[in-house]
Amino acid sequence: GRGGQGQGQAATFSNGQTITLTSTNGSYFVVGTQGKTNGTASGTLTFTVDGKVTAGYVLNVGGSLTVNGTTYNVTSGSAIMGPGGAGIQGEGATSASGSYIVRATARGDFSGTTTSTVSLDFSNGTTEYAVFLTSTIQG
């Protein structure tokens, strides 16, 4: 083990449960432009619990992401949420041949907290974006 005992009550999630992260504000910058090429971004990401493993929970990823005025739908994705329910990371693909790596953290955990910080490394096949979203959580 990794010393997971003694952390108090860990959040528990059940199969089929969906965690929805809806952005309240967001921004992006184009990787390689030192932040000069930037703008607003938004998105709604859904994480559906698909199973439990020692490392936490296996999640399926869905939703959409709007970057630089274009909306991309998540077409596939899988993620792991740590056993305490405070962090998610995963990867997958979007429409228009896009791909992403996503990390989301909650101040607390995704079952009892209202705000999450989401960062994505997103490529639409031609341009790579670093995307940051402040999101509300609905469990």
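In this predicted model, I88 sits across from A104 of β6. That pair belongs to the β5-β6 ladder, where the two strands run antiparallel and are joined by 8 bridges. The connection between them is a hairpin with 3 residues between the strands, and A96 in the turn has a positive phi of about 60°. A96 is not a glycine, despite that positive phi. The residue lies in the loop that links β5 (87-94) with β6 (98-106). As for solvent, A96 is exposed because its relative accessible area, 55%, is over the 50% cut-off.

On its other side, β5 pairs with β4 (residues 70-81), again antiparallel, through 7 bridges. Here V74 is the residue facing T94 of β5. These two strands also make a hairpin, this time with 5 residues between them, and the turn holds G85, whose phi is positive at about 75°.

Stepping back, these ladders are part of a closed barrel of 8 strands, arranged in the order β1-β2-β3-β4-β5-β6-β7-β8 with antiparallel pairing. Going from one strand to the next, the twist averages 25°. As a general point, strands of a sheet pair through backbone hydrogen bonds, in either a parallel or an antiparallel fashion.

Earlier in the chain, β2 (residues 38-53) lines up with β3 in the antiparallel sense, with 12 bridges between them. Within this ladder, T46 is set opposite G62 of β3. Leading into β2 is the loop from β1 (18-30), and Q34 is found there. Like A96, which has a phi near 60°, Q34 is a non-glycine residue with a positive phi, in its case near 55°. Q34 counts as exposed because its relative accessible area is 68%, with the threshold set at over 50%.

What about the inside? The largest nonpolar core takes in 32 residues, and F47, F110, L120 and V131 have the most contacts within it. Two or more residues each come from β1, β2, β3, β4, β6, β7 (115-123) and β8 (128-138). The top contributor is β3, which supplies 5 residues. In soluble globular proteins, nonpolar side chains tend to be buried together.

F110 gives a good view of how far such contacts reach along the chain. Setting aside neighbours within four places in sequence, F110 touches F13, I19 and L21, along with M81, G85, A86, G87, I88, A104, T105, S116 and I137. Both members of the opposed pair I88 and A104 are thus among the contacts of F110, and so is G85, the residue with positive phi in the β4-β5 turn.

L59 offers a second look at the interior, this time from β3 (residues 56-67). L59 is buried because its relative accessible area is 0%, where the limit is under 20%. Beyond the residues up to four places away in sequence, L59 is in contact with F47, T48, V49 and D50, and also with G77, S78, A79, I80, M81 and I88. One of these, F47, is listed with the residues that have the most contacts inside the largest nonpolar core. M81 and I88 turn up in the contacts of L59 and again in those of F110. For a sense of scale, the C-alpha atoms of L59 and G108 lie 19 Å apart, with 49 residues separating the two along the chain.

Methods. Residues numbered from 1 in each chain as written. Predicted model: local features only at pLDDT ≥ 70, side-chain atom pairs only at ≥ 80, totals over all residues. Heavy atoms only, no water. Helix = DSSP H or I, 4+ residues; strand = E, 2+ residues; numbered from the N terminus. Buried < 20%, exposed > 50% of the residue type's maximum accessible area, 1.4 Å probe, protein only. Contact = heavy atoms within 4.5 Å. Pairing = 2+ DSSP bridges. Axes fitted to C-alpha atoms, helices over the stretch in contact; angles between N-to-C directions. Core = buried A, V, L, I, M, F, W, Y, C linked by side-chain atoms within 4.5 Å.
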